[in-house]
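Trainee: Got a minute? I'd like to walk through this model with you.

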Amino acid sequence: MTDTAEYVPPKVWTWNKEGGGRFANINRPIAGPTHDKDLPVGRHPLQLYSLGTPNGVKVTVMLEELLALGHAGAEYDAWLIKINEGDQFSSGFVAANPNSKIPALVDRSGPTPIRVFESGAILVHLAEKFGAFLPTAPAARAECLSWLFWQMGAAPYLGGGFGHFYAYAPTKIEYAIDRFAMEVKRQLDVLDRRLAESPYLAGDDYTIADIAVWPWYGATVKGLTYGAGEFLQVQEYENLLRWTDQIAERPAVKRGRMVNRPYGDPAEQLLERHDASDFETKTQDKLLAAKETAPA
Ligand SMILES: N[C@@H](CCC(=O)N[C@@H](CS)C(=O)NCC(=O)O)C(=O)O
């Protein structure tokens, strides 16, 4: 690794496969599949291919919220995509999402399967399909979509910018950490001021804007992302903390954040979800206990 203070970019960038840092095994300067493999398909109308990161959790929370409202058509199979092992580069996944990132949804409820990628597009697809969590009155709808798209534009500065340079980059670069910490604190203040005005981001009602923003900014304001709570002085954002805690109490949110989650408390890890009963019977603690008591 060249010292950043001395680094002079060459005329033409070249791919140094060994020098890519923590995500070197999956980072590539090219798109497209690396191997042939179809995606599995379960029995439900909606097939989700994902992982329990903040981007994945948005969709599993939305699906659980829809089911909680009684929309049986939102039943889904959630398949685990191990991005550290390159599952997002299979031919099947690339057909569902040419951008090779989770989450990807295939809606098989009609005669022809519809692929939907990008978490924001998936939330809008589901909200419109079931007529839920997206206001129809023009002003409220505009406010909801504005915060939804705000999240899509803002979060890369939090994850790819701040998180990368604060937690993952092989050298600590003051300029980069300072620049992105300033931006993340500004974003937290944007949300905090908005949530001083109204209970939810789009107004009085809980919408897909809250569902999109909560996994990233709720976790950050609770100090759960990148171990940076003290560094960012997150306790300052009282309205954001109030909103975060309120959403965390929703039963559908509690379920949604367990799906496709391969880390943390085994009782909160449901690696794949194919039935509502899986939350009771297939979490990792239960599967491991069953394995230990099974006759050899
Ligand atoms: N803008 C995308 C971001 C999706 C995204 O960055 N997904 C990450 C995990 S959180 C991923 O799949 N990374 C795998 C890779 O970059 O190869 C969305 O909102 O869906």
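Mentor: Start with a term: a charge sits over a ring if NZ of Lys or CZ of Arg is within 6 Å of the ring centre and within 35 degrees of the ring normal. Arg250 fits that, lying over the face of Tyr206 at 3.7 Å from the ring centre. Arg28 has its charged end over the ring of Phe89, 4.4 Å from the centre.

Trainee: What should I know about the model itself?

Mentor: It is a predicted model: local features need pLDDT of at least 70, side-chain atom pairs count only at pLDDT 80 or more, and totals for chains, interfaces and linings use all residues. Residues are numbered from 1 along each chain as its sequence is written, and side-chain values use heavy atoms, with hydrogens and water left out.

Trainee: How many helices and strands does the chain have?

Mentor: Eleven helices and four strands. These are DSSP runs numbered from the N terminus: helices are H or I with at least four residues, strands are E with at least two.

Trainee: And the radius of gyration, what is it for this chain?

Mentor: The chain has 20 Å, and a compact globule of 296 residues would be near 19 Å, so the two agree. The radius is taken over C-alpha atoms, and the globule rule is 2.2 Å times the number of residues to the power 0.38. The C-alpha trace spans about 60 × 55 × 45 Å along its principal axes.

Trainee: What share of the residues counts as buried?

Mentor: 45% of the 296. Buried means under 20% relative accessible area, exposed over 50%, partly exposed in between (1.4 Å probe, protein chains only).

Trainee: Switching to rings. How many aromatic pairs does a search of the whole structure find?

Mentor: Eleven. One of them joins Phe162 and Tyr166, stacked at 5.0 Å centre to centre with 20° between the planes. Rings of Phe, Tyr and Trp (its six-membered ring) pair if their centres lie within 6.5 Å; planes under 30 degrees apart are stacked, over 60 edge-to-face, the rest tilted.

Trainee: Where do Phe162 and Tyr166 lie?

Mentor: Both are in helix α4 (residues 138-168), four residues apart, about one turn of the helix. Phe162 counts as buried because its relative accessibility is 1%. Ring pairs also link Phe162 and Tyr166 with Tyr168, Tyr226 and Phe231 in a cluster.

Trainee: What's the phi of Tyr226?

Mentor: Near 60°, positive in a residue other than glycine. Most residues other than glycine have a negative phi, and most peptide bonds are trans. Tyr226 is in the loop between α6 (208-221) and α7 (229-232). Asn260 also has a phi near 60°. Asn260 sits in the loop between α9 (251-256) and α10 (278-281).

Trainee: Is Asn260 buried or exposed?

Mentor: Buried, with a relative accessible area of 0%.

Trainee: Which peptide bond is cis?

Mentor: The one from Ile102 to Pro103 is, with omega near 0°. Pro103 is in the loop between α2 (91-96) and β3 (104-107).

Trainee: Where is Ser109?

Mentor: In the loop between β3 and β4 (114-117). Ser109 counts as partly exposed because its relative accessibility is 44%. Its C-alpha lies 9.8 Å from that of Gln47, and the two residues are 62 apart along the chain.
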